[in-house]
Amino acid sequence: MLPADIPAVHELEVRLFPADAWPLRMFVDELAQPETRRYLIAEAPDGIVGYAGLMCVEPIADVQTIAVVPEYEGRGIGSALLTEMINEGRRRGAADVLLEVRADNPRAQQLYRRFGFEQIHVRRKYYRDGVDALIMRLQLEDVLALHEDVIHAAEEHQDAVQQHDPRRSGENTPTKADQQ
């Protein structure tokens, strides 16, 4: 998403979420924080048909918004946007991806469950019209495993350096640089 896309995205926001639409300024503010934010749009020949945004402050990534116009639902656009949000969370080192979904939106809940999200909490009357929000989480075990692999490899390297016996290999004692 580029700043030039904001008016069209905001128009969709008001159409798709009339009771809870973000003000236009919120999109401007979100795009101004690329160090912790990533926003995407999905386009068709007739314009923007979907958008999504992620905030990531390690170790948590939070899907701030995701929407597809009804005329384009069922074409994989929501899945593609969500996939990219999850991948962005991974790239930024998140251990978990969180999101909120309306309790009265089973279609979105089903999509999130297909991706492995699980409900972890309910925020009562979260939305302006009194509907509850379900808090859902996707644990990115592969991110945690990657961090654990890096730590394990470093520990193994350190053990190998400490167990090095220069008498057996005919080499000199490792220097501090070798040990690091």
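## A bridge between distant parts

Arg-107 and Glu-73 form a salt bridge, with their closest N and O atoms 3.6 Å apart. Arg-107 belongs to helix α4 (residues 106-114), while Glu-73 sits in the loop between β3 and α3. The pair therefore ties together parts that are 34 residues apart in sequence. Glu-73 is partly exposed, at 37% relative accessibility.

This contact comes from a predicted model. The rest of this report sets out the fold around it, then returns to charged pairs.

## Overall make-up

The protein has 180 residues, and 38% of them count as buried. Seven helices and six strands make up its regular elements. Along the sequence they follow the pattern α-α-β-β-β-α-β-α-β-β-α-α-α.

Take the contacts between residues at least 6 apart in sequence: 53% of these join residues at least 24 apart. The protein exposes about 11,000 Å². Carbon and sulfur atoms supply 51% of that area.

## The sheet

How are the six strands ordered in the sheet? The order is β1-β2-β3-β4-β6-β5. The sheet is open, and its pairing is mixed. Strands β1 (37-44) and β5 (118-123) are the edges, each pairing on one side only. From one strand to the next, the twist averages 25°.

Strands β3 (residues 60-68) and β4 (residues 96-102) run parallel. Four bridges join them. Ala-61 stands opposite Val-97 in β4.

## Helices on the sheet

Helix α1 (residues 6-16) packs on the sheet. It touches β1, β2 (47-57) and β3. The direction of α1 makes about 90° with that of β2.

Helix α3 (residues 77-91) also packs on the sheet. Its contacts are with β1, β2, β3 and β6 (133-139). The direction of α3 makes about 165° with that of β3.

## More charged pairs

Side chains of opposite charge can pair when their charged atoms come close. The whole structure holds 13 salt bridges. One of them joins Arg-25 and Asp-29, at 3.1 Å from N to O. Why are Arg-25 and Asp-29 separated by about one helical turn? Because they are four residues apart in helix α2 (residues 24-31). Is Arg-25 buried or exposed? Arg-25 is exposed, with a relative accessible area of 52%. Asp-29 is partly exposed, at 33%.

Another salt bridge links Asp-104 with Arg-102. Their closest N and O atoms are 2.9 Å apart. Arg-102 has 18% relative accessibility, so it counts as buried, the cut-off being under 20%. Asp-104 is partly exposed, with a relative accessible area of 47%. Both residues belong to a network of salt bridges that links Asp-20, Arg-102, Asp-104 and Asp-129.

## Confidence in the model

The mean pLDDT of the protein is 85. Of its residues, 78% reach 70 or more. Over residues 164-180 the pLDDT is below 50. Beyond near neighbours in sequence, that stretch has 15 contacts in the model. Where pLDDT is low, the predicted coordinates should not be read in detail.

Terms used:
Residues are numbered from 1 along each chain as its sequence is written. This is a predicted model: local features need pLDDT of at least 70, side-chain atom pairs count only at pLDDT 80 or more; totals for chains, interfaces and linings use all residues. Side-chain values use heavy atoms; hydrogens and water are left out. Helices (H or I, at least four residues) and strands (E, at least two) are DSSP runs, numbered from the N terminus. Buried means under 20% relative accessible area, exposed over 50%, partly exposed in between (1.4 Å probe, protein chains only). Contact means heavy atoms within 4.5 Å. Accessible areas come from the Shrake-Rupley method with a 1.4 Å probe; for residues, only the protein chains shown count as cover. Two strands pair if DSSP finds at least two bridges between them. Axes are lines fitted to C-alpha atoms, for helices over the stretch in contact, and angles run from 0 to 180 degrees between N-to-C directions. pLDDT is the predictor's confidence in each residue, from 0 to 100. A salt bridge is a side-chain nitrogen of Lys or Arg within 4 Å of a carboxyl oxygen of Asp or Glu.
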